[in-house]
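Grab a pencil and have a go at these exercises before you peek at the solutions. Each one comes with a step-by-step answer.

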Amino acid sequence: MAHRRDQIVALDEHRDASGHHVSLRGRLDVRSVPDLRIVLHRVVDDGTDDLLLDLAECEIGDATGFGVLVECLRRARRGSRTFCIVDADDRTHRLLRRARMSHVVGHVDPADAVVVPAAG
């Protein structure tokens with residue numbers, strides 16, 4: 001049985017005055033999470049600013065996909081870093097509520113993120 005290569009998750013990131021933005025596109029599941037986990041751990045560990053995770057174009061495929069989000073939250077907390085899921089589909093919102101993690105969900109309008117003035 002051949003492994004499916006369409007299980008790739010795209011990750012885009014940038015920093016601005018509102019924090020470190022990470023957008024995921026694709027399906028988070030047992031096939032896509034191993035490589036993504038390494039990248040997400042680096043992203044969480046390499047910063048101190050707010051981590052804003054955009055899941056609007058991301059689908060949680062299974063428990064492994066959901067687990068990597070929980071890992072990021074815990075890792076961010078250990079590093080005293082704020083972690084917020086700024087956008088997600090309805091299914092992901094339901095999963096987060098059931099896991100009693102709805103407190104990490106917010107919504108940041110991308111237009112608002114650009115106009116936030118830098119502290120100084």
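**Exercise 1.** Find the bridge partner of Leu53 in strand 4, then work out how strand 3 and strand 4 run.

*Solution.* Step one: the partner of Leu53 in strand 4 is Ile85. Step two: strand 3 covers residues 51–60, and 5 bridges tie it to strand 4 in a parallel arrangement; two strands count as paired if DSSP finds at least two bridges between them. Step three: add helix 2 (residues 63–78), and strand 3, helix 2 and strand 4 form a right-handed β-α-β unit. Right-handed here means that, with the strands pointing away from the viewer, the path from the first strand over the helix to the second runs clockwise.

A word on the model: it's a predicted one, so local features need pLDDT of at least 70 and side-chain atom pairs count only at pLDDT 80 or more, while totals for chains, interfaces and linings use all residues. Residues are numbered from 1 along each chain as its sequence is written, and side-chain values use heavy atoms, leaving out hydrogens and water.

**Exercise 2.** Why is strand 4 largely enclosed by the rest of the structure?

*Solution.* Start with the cut-offs: buried is under 20% relative accessible area, exposed is over 50%, and partly exposed is in between (1.4 Å probe, protein chains only). Now go through strand 4, residues 83–88: 5 of its 6 residues are buried, so the rest of the structure largely encloses it. For the whole chain, buried residues come to 36% of the 120 residues.

**Exercise 3.** Where does Gly106 lie, and which residues does Gly106 contact, leaving aside neighbours within four places in sequence?

*Solution.* First, place Gly106: it sits in the loop between helix 3 and helix 4. Next, with those neighbours set aside, Gly106 contacts Cys84, Ile85, Val86 and Asp87; contact means heavy atoms within 4.5 Å. Then check the distance to Leu53: the two C-alpha atoms are 9.9 Å apart, with these positions 53 residues apart along the chain. Finally, Gly106 has a relative accessible area of 25%, so it's partly exposed.

**Exercise 4.** Is Ala99 buried or partly exposed, and how far is Ala99 from Phe66 in space?

*Solution.* Ala99 lies in the loop between helix 3 (90–98) and helix 4 (110–115). Its relative accessibility is 36%, so Ala99 counts as partly exposed. From C-alpha to C-alpha, Ala99 and Phe66 are 10.0 Å apart, and they're 33 residues apart in sequence.

**Exercise 5.** Write out the order of helices and strands along the chain.

*Solution.* Count 4 helices and 4 strands, taking helices (H or I, at least four residues) and strands (E, at least two) as DSSP runs numbered from the N terminus. Read along the sequence, the pattern is β-β-α-β-α-β-α-α.
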